[in-house]
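Reader: Could you take a close look at one part of this structure with me? I would like to go slowly and then see how the surroundings fit in.

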Amino acid sequence: MITIGVPAEGPDESRIGLSPETAKKLVKQGAKVVMRSGAGLRSHFSDEEYRTAGATIAASDAEAVSTADIVLTVRRPSLALVQAMKPSALLIGMLDPFSDAEVLQSLGATGVSLFAMELMPRISRAQSMDVLSSQANLAGYKAVVDAASAFERALPMMMTAAGTVPAARVFVMGVGVAGLQAIATARRLGAIVTATDVRPAVKEQVASLGAKFIAVEDEEFKQAETAAGYAKEMSDDYKKKQAALVAEHVKTQDIVITTALIPGRPAPKLISKAMIESMRPGSIIVDLAVERGGNAELAKPGQVVEHNGVRIMGKLNLPGAVPVNASSLYARNLLAFVEPMIDKTSKELAVNWDDDLVKGTLIARNGAIVNAMIAGRIGAPPASSEPAKAKADVAAKPAAKKNGATKRPAPKGDKT
Ligand code: NAD
């Protein structure tokens with residue numbers, strides 16, 4: 001019988017990788033589920049609910065993971081926790097694969113197989129396992145709600161006997177998963193919404209949500225999307241034209257939500273200090289790209305910076321501020337990935353190491369790093385996850401196209 005263990009997360013993380021709903025489904029599949037007591041409480045999942053779902057409650061993290069074949073986490077756990085696991089076990093979570101590669105190497109050296117959910121290939125079969133999308137969607141929503149709450153005016157237009165309250169103007173920069181949800185949320189709150197992106201495909205999506213698309217639509221813009229559906233780094237000439245357009249537009253905006261990212265690169269700087277100074281006091285900027293350097297010049301991770309009466313909010317882990325939904329969706333993402341690893345007859349761990357989704361997310365196995373990009377950062381050649389197979393098989397190239405399916409070119413966690 002397969003055992004699945006879930007330890008508590010650290011103090012900065014309110015989400016959890018197992019919900020009572022997914023615990024029940026795993027138990028139904030024949031798994032033994034061991035949950036650290038109290039680990040779901042910040043998502044309002046009580047021990048009692050997990051017990052009712054069929055899980056066993058463990059008194060300590062070590063007890064939750066020591067007999068597990070699979071350990072589920074939200075964040076990268078400590079070395080001590082991984083050392084408490086069986087060397088044959090799998091650790092599955094958002095392991096932030098491209099920062100502190102040396103730390104990852106020491107986690108991998110325990111023999112535990114490490115899986116980074118951020119590296120999930122973005123192919124249709126893996127949509128239910130796409131943690132970046134499930135979490136970015138909530139981040140986009142929360143960014144608008146936070147901005148609306150900090151904004152000392154109303155968002156919708158109100159016509160009253162005492163006069164008319166004008167609708168607030170919200171500008172969304174970067175219309176990926178988070179940006180689309182930000183537009184939808186701001187529209188529902190009654191704001192006048194505009195949005196920009198460098199990918200032409202976005203134009204129609206913006207219009208369908210009732211917002212106005214604003215961009216420099218030159219020849220370069222028409223070619224700006226990669227085969228994988230991501231933004232390219234734009235030329236200096238384009239950036240200048242974009243900055244001029246944004247500068248004019250931002251002056252008249254009340255709330256700006258920035259979400260612009262380019263895989264494998266620092267976040268593009270889209271809002272300069274001068275643009276911030278052109279906004280009227282009381283305006284709000286929420287920078288969702290702050291963990292990757294920020295889209296706004298004065299944004300600081302984890303802080304609210306006030307400049308000339310404009311507040312630039314750089315809150316970290318916005319999905320963690322909606323933990324009940326974020327945990328529920330993340331737990332479902334993990335369930336979809338783990339289910340095929342349970343043999344239907346024997347109920348034992350049965351990983352198909354040749355599966356594209358397993359290969360795409362696996363970063364360490366048998367004591368060594370098997371992901372080429374991470375190995376490159378430590379200066380070690382990637383070890384093969386399957387000694388009998390060709391190395392090219394396991395060198396997890398996220399940019400590669402296979403069977404006509406597009407894959408994510410580089411993870412959001414890439415801090416370089
Ligand atoms: P992301 O987080 O990498 O980037 C956010 C947005 O910022 C993108 O839309 C990007 O074009 C934009 N951007 C980059 N540079 C910019 C600039 N200078 N100015 C303005 N905007 C800029 O993107 P994401 O949310 O991960 O989504 C990227 C794409 O992947 C989307 O087309 C999305 O629909 C697609 N996607 C596919 C799948 C799947 O097939 N399973 C899943 C999720 C997302």
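How many residues does helix α7 have, and what distance does α7 reach from its first C-alpha to its last?

Author: Happy to! Please keep in mind that this is a predicted model. Helix α7 covers residues 177-188, which makes 12 residues. From first C-alpha to last, α7 reaches 17 Å, close to the 16 Å expected at 1.5 Å a residue.

Now look at what is hidden along this helix. The buried residues of α7 are Ala178, Gly179, Gln181, Ala182, Ile183, Ala184, Thr185 and Ala186. Their cover comes from several elements, including the helices α6 (131-150) and α8 (202-208). Strands take part in covering them too, among them β9 (169-173), β10 (192-196) and β12 (255-258). After α7 comes Gly190, which has a positive phi, near 95°.

The ligand is a good next stop, since Val177 of the 177-188 helix is among the residues closest to the ligand. In total, 23 residues surround the ligand, and the closest also include Arg122, Ser133, Asp197 and Arg199. For Arg199, an N or O atom of the side chain is 2.7 Å from a ligand oxygen atom. Gly176 contributes its backbone instead: one of its polar backbone atoms is 3.2 Å from an oxygen atom of the ligand. With Gln242, the ligand partner is a nitrogen atom, 2.9 Å from an N or O atom in the side chain.

For the wider setting, let us turn to a sheet. Eight strands form an open sheet with mixed pairing, in the order β3-β2-β1-β4-β5-β6-β16-β17. Its edge strands are β3 (56-58) and β17 (368-369), each pairing on one side only.

Within this sheet, β6 (residues 113-116) is a nice strand to follow. In a regular strand, side chains alternate between the two faces of the sheet. In β6, Ser113 and Phe115 lie on one side, Leu114 and Ala116 on the other, and all are buried, so both faces are covered. On one flank, β6 pairs with β5 (residues 90-93) in the parallel sense over four bridges, and Leu114 is the bridge partner of Leu91. Helix α5 (residues 101-108) joins β5 and β6 in a right-handed β-α-β unit. The pairing of β6 with β16 (residues 362-365) is antiparallel, with two bridges; here Phe115 has Leu362 as its bridge partner.

Elsewhere in the sheet, β1 (residues 3-6) and β2 (residues 32-36) pair in the parallel sense over four bridges, and Gly5 stands opposite Val34 in β2.

Terms used: Residues are numbered from 1 along each chain as its sequence is written. This is a predicted model: local features need pLDDT of at least 70, side-chain atom pairs count only at pLDDT 80 or more; totals for chains, interfaces and linings use all residues. Side-chain values use heavy atoms; hydrogens and water are left out. The expected span of a helix is 1.5 Å times one less than its number of residues. Buried means under 20% relative accessible area, exposed over 50%, partly exposed in between (1.4 Å probe, protein chains only). Contact means heavy atoms within 4.5 Å. Two strands pair if DSSP finds at least two bridges between them. A crossover is right-handed if, with the strands pointing away from the viewer, the path from the first strand over the helix to the second runs clockwise. A residue is near a molecule or strand if one of its heavy atoms lies within 4 Å of it. A polar contact is a pair of N or O atoms within 3.5 Å; within protein, one must be able to donate a hydrogen and the other to accept it, and residues adjacent in sequence count only if both atoms are side-chain atoms.
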